[in-house]
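Visitor: I'd like a close look at one enclosed space in this model, and then at what goes on around it. Which residues wall it in, and where do they lead?

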Amino acid sequence: MDLRSQELTRYILPMREGGSLPALGEADDGFKYVVKLRGAGHGKKALISEFLGSMIAKAFKFNVPETVLLYLSPLFGITEPDEEVQELLRNSEGLNVGLHFLNGAATFDPAVNEVDPLTGAKILWLDAFLTNVDRTRLNPNMMIWQGDLWLIDHGASFYFHHSGKDPHVAAADPFPYIRNHVFLKYADRLPEADRLMRQAITPRTLSKIVDMIPTEWLSEEGSPLSPEETRETYRTFLLERLKNTAPFVEEAMKLKATARL
């Protein structure tokens with residue numbers, strides 16, 4: 001899986017929606033990116049969630065904006081007049097994550113846009129697998145671009161890493177937050193989606209994606225774990241969750257049966 005690294009050269013504007021305070025920037029390759037900054041919100045953990053979620057979704061052949069590592073130099077954004085944004089940029093020096101900007105894309109509207117039930121069930125499965133709490137009817141985090149459906153914003157995935165929960169325990173989580181998912185109505189197709197999704201990826205692929213996490217994102221002040229030990233928590237979580245998908249599949253089907261959709 002290819003992964004490019006570029007340097008941010010121009011700060012265009014803050015994108016103030018959402019809790020991660022992303023920015024629109026331009027890199028030295030001439031392309032624009034939605035930049036997730038390490039100095040915002042949940043910091044480097046949000047970058048890891050975004051990186052892993054996007055790369056895994058891509059491995060499953062979903063449309064996902066290209067994920068690029070973006071280096072932010074100490075001089076970047078010094079002309080920004082907003083002091084709050086300047087502080088955010090100062091705290092984000094080093095490697096950040098960027099997602100290729102889908103110019104002209106429209107936000108997916110579940111009241112207007114349709115997906116076939118199996119595709120909806122596959123996206124539901126993906127978000128339960130990643131424990132992504134942020135693909136709801138109010139905030140679907142999907143775009144329509146050039147006539148196709150694109151998945152964006154996986155920064156709210158892997159919520160176990162905020163609690164310090166053992167990754168083996170976290171991997172068995174039935175994920176009750178799936179009750180809020182925009183595609184819960186397709187949960188009756190989950191057994192088929194489960195079979196197809198488990199066939200579509202291997203433990204080796206997941207492990208290779210985990211190996212691609214930049215080491216500097218894995219160090220955390222006050223943590224008893226080394227960066228490589230932290231890396232292993234993500235590897236353990238993903239490999240164990242792939243082995244045993246039944247808890248979250250059954251939970252989603254149960255919640256769909258009792259929900260008013």
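Guide: By class, the lining of the second largest cavity comes out as four nonpolar, four polar and two charged residues. Bear in mind that this is a predicted model. The residues around this space are Asn-132, Val-133, Asp-134, Arg-135, Thr-136, Phe-175, Tyr-177, Ile-178, Asn-180 and His-181. The charged pair in that list is Asp-134 and Arg-135. The space itself comes to about 40 Å³, and a search of the whole structure turns up two cavities of 30 Å³ or more.

Now pick a lining residue and follow it outward. Phe-175 is one of those in the wall, and Phe-175 is also in contact with Arg-241. Arg-241 sits in helix H7, which spans 227–243. Is this arginine buried or exposed? Its relative accessible area is 0%, so Arg-241 is buried. Beyond its sequence neighbours within four places, Arg-241 also touches Ala-128, Phe-129 and Thr-131, then Ala-170, Ala-171, Ala-172 and Asp-173, and finally Phe-248. You can check the fold-back by eye too: Arg-241 and Leu-130 are 111 residues apart along the chain, yet their C-alpha atoms are separated by 8.9 Å.

Arg-135 is another lining residue, and it takes you somewhere else. Arg-135 is in contact with Ile-152, which is found in the loop between strand S8 (148–151) and helix H4 (167–171). At 22% relative accessibility Ile-152 counts as partly exposed, because buried is kept for values under 20%. Its other contacts, leaving out neighbours within four places in sequence, are Pro-65, Asn-141, Met-142 and Met-143. Ile-152 also has a C-alpha 9.3 Å from that of Gly-53, with their positions 99 residues apart along the chain.

One of those contacts deserves a stop. Asn-141 is in the loop between H3 and strand S7 (142–145), and it is not a glycine but still has a positive phi of about 50°. Most residues other than glycine have a negative phi. Asn-141 counts as buried, at 9% relative accessibility. Gln-146 also has a positive phi, of about 55°, and it is not a glycine. This one lies in the loop between S7 and S8. Here the accessibility is 66%, so Gln-146 counts as exposed.

Back to the helices. H7 belongs to what covers the buried residues of H6, along with helix H1 (44–59) and helix H3 (117–130). Those buried residues of H6 (203–211) are Leu-206, Ser-207, Ile-209 and Val-210. They cover an arc of only 160° around the axis, which puts them on the same side of H6.

Two of those H6 residues, Ile-209 and Val-210, are touched by Leu-52. Not counting residues up to four places away in sequence, Leu-52 also reaches Phe-158, Ile-213 and Tyr-234. Leu-52 shares with Ile-56 the most contacts inside the largest nonpolar core, which has 57 residues. H3 gives the most to this core, with nine residues. Apart from it lies another core, of 15 residues, with Val-35, Leu-70, Leu-72 and Leu-89 among them. As a rule of thumb, nonpolar side chains tend to be buried together in soluble globular proteins.

If you follow H7 toward open space, there's a pocket to look at. The second largest pocket holds about 420 Å³, and H1 and H7 are the elements that give two or more residues to its lining. Of its 20 lining residues, Lys-45, His-161, Glu-220, Ser-223 and Thr-230 lie nearest the centre. Sorted by class, the pocket's lining has eight nonpolar, seven polar and five charged residues.

One last stop is Thr-258, in helix H8 (246–258). It counts as exposed, at 62% relative accessibility. Its C-alpha is 9.8 Å from that of Arg-179, 79 residues away in sequence. The positions on either side of Arg-179, Ile-178 and Asn-180, bring you back to the wall of the cavity where we started.

Definitions and conventions: Residues numbered from 1 in each chain as written. Predicted model: local features only at pLDDT ≥ 70, side-chain atom pairs only at ≥ 80, totals over all residues. Heavy atoms only, no water. Buried < 20%, exposed > 50% of the residue type's maximum accessible area, 1.4 Å probe, protein only. Helix = DSSP H or I, 4+ residues; strand = E, 2+ residues; numbered from the N terminus. Arc of directions from axis to C-beta. Contact = heavy atoms within 4.5 Å. 1 Å grid on protein atoms, 1.4 Å probe; cavity = no way out; pocket = protein on both sides within 12 Å on 5 of 7 lines; lining within 4 Å. Points joined across faces, edges and corners; volume = space filled by probe spheres on them. Core = buried A, V, L, I, M, F, W, Y, C linked by side-chain atoms within 4.5 Å.
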